[in-house]
Amino acid sequence: MRTDSTIVIPIDFRIFNIDEDDKTKNDHFLDMIDKAEERGFNPEFVLFDTWYASVKKLKAIRKKEWHFLTRLKGNRLVNPDKKGNVPLETVDIPQKGLVVHLKAYGFVKMFRIVSKDGDTRHWVTDVQEMDEEKREDLVKKSWKIEEYHRGIKQFCGVEKCQARKEEAQRAHMFSLRAFLRL
């Protein structure tokens, strides 16, 4: 996806068939960032969900000299004080964020956001100078991508497609064109 906070444009998609595909969702993620680079994209930031926030993918983004902002689960290990790795959820993180060493990756900046209902999210970026205002701006862009995916699931029936063959699934995916026009 490409977004500027007001529009969301899909630039790539993959049909994942767990029964026939020799690639995982994570392999597809890596393929898509490779394809984006091949097409000449040079994103300000790569934004993605917790599901894809493995060290391997963070390193793949760093190798391209791109930056990322994503969420991590609270059990990920960080070293905030050079005394050893501890679960991220146990670290005191101030509002302005905290630079920590993420196990097997390197130094990152962490933010902890607690919503009004008590839900806690841990955001991480490789840009150690990032301030809260920039993080909030990027989160808004990230949310637009989430809204897009929710929309195609609700209004285009992407998750409930009864087609099993790849060709039929691809045909179903063309309903996205109509959704985008709306």
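**Exercise 1. Find out how strands β4 and β9 are joined, and which residues face each other across them.**

Solution. Begin with the pair itself: β4 and β9 run antiparallel, and 4 bridges join the two strands. The model in which this pairing is seen is a predicted one. Next, look for a pair of residues that marks the register, and you will find threonine 70 opposite valine 124, which belongs to β9. Then turn to the other partner of each strand. Strand β4, made of residues 68-72, pairs with β3 in the parallel sense, over 3 bridges, and in this pairing valine 46 stands opposite phenylalanine 68 of β4. Strand β9, for its part, is joined to β8 (residues 106-114) by 6 bridges, and these two strands run antiparallel; here isoleucine 113 stands opposite arginine 121 of β9.

**Exercise 2. Work out the order of the strands in the open sheet, and explain why one side of β3 and of β6 is left without a neighbour.**

Solution. First write down the order, which is β3-β4-β9-β8-β7-β5-β6, an open sheet of 7 strands in which the pairing is mixed. Then consider the edges, where β3 (46-48) and β6 (86-87) stand; each has a single partner strand, so one side of each has no neighbour in the sheet. As a background point for anyone who follows the side chains, those of a regular strand alternate between the two faces of the sheet. Finally, set the sheet within the whole protein, whose secondary structure comes to 5 helices and 9 strands, and which follows the pattern β-β-α-β-α-β-β-β-β-β-β-α-α-α when read along the sequence.

**Exercise 3. Locate the residues that have a positive phi although they are not glycines, and decide for glutamate 65 and alanine 104 whether each is exposed or partly exposed.**

Solution. Start with glutamate 65, which is not a glycine and yet has a positive phi of about 65 degrees. Glutamate 65 lies in the loop between α2 (55-63) and β4, and its relative accessibility is 69%, which is over 50%, so glutamate 65 counts as exposed. Continue with alanine 104, again a residue other than glycine, whose positive phi is about 70 degrees. Alanine 104 is placed in the loop between β7 (98-102) and β8, and because its relative accessible area of 48% lies between 20% and 50%, alanine 104 is partly exposed. For a glycine with a positive phi, go to the hairpin that β8 and β9 form with 5 residues between them, where glycine 118 in the turn has a value of about 95 degrees.

**Exercise 4. Describe the surroundings of glutamine 128 and of glutamate 133, beginning with where each is found.**

Solution. Glutamine 128 is found in the loop between β9 and α3, and with a relative accessible area of 32% it is partly exposed. To see what surrounds glutamine 128, leave aside its neighbours within four places in sequence; the residues in contact with it are then Val99, Phe107, Val108 and Lys109. One of these, valine 99, is 29 residues away along the chain, while the C-alpha atoms of valine 99 and glutamine 128 are separated by 6.4 Å. Now move to glutamate 133, whose place is in helix α3 and which, at 63% relative accessibility, counts as exposed. Its C-alpha atom is separated by 9.4 Å from that of lysine 96, a residue 37 positions apart from glutamate 133 along the chain.

**Exercise 5. Determine what lines the second largest pocket, both by element and by class of residue.**

Solution. The volume of the second largest pocket is about 240 Å³. Its lining is made of 12 residues, and those closest to the centre are Arg71, Arg121, Trp123, Val139 and Trp143. Sorting the lining by element, one finds that β9 (120-125) and α3 (132-155) each supply at least two residues, and that α3 gives the largest share, 6 residues. Sorting the same lining by class gives 4 nonpolar, 2 polar and 6 charged residues. One residue, arginine 121, links this exercise to the sheet, where it stands in β9 opposite isoleucine 113.

**Exercise 6. State what share of the protein is buried, and how its surface is made up.**

Solution. Of the 182 residues, 35% count as buried. The accessible surface comes to about 11,900 Å², and carbon and sulfur atoms account for 51% of this area.

Notes
Residues numbered from 1 in each chain as written. Predicted model: local features only at pLDDT ≥ 70, side-chain atom pairs only at ≥ 80, totals over all residues. Heavy atoms only, no water. 1 Å grid on protein atoms, 1.4 Å probe; cavity = no way out; pocket = protein on both sides within 12 Å on 5 of 7 lines; lining within 4 Å. Points joined across faces, edges and corners; volume = space filled by probe spheres on them. Nonpolar A, V, L, I, M, F, W, Y, C, P; charged D, E, K, R; others polar. Pairing = 2+ DSSP bridges. Buried < 20%, exposed > 50% of the residue type's maximum accessible area, 1.4 Å probe, protein only. Areas by Shrake-Rupley, 256 points an atom, 1.4 Å probe, with all protein chains shown as cover. Contact = heavy atoms within 4.5 Å.
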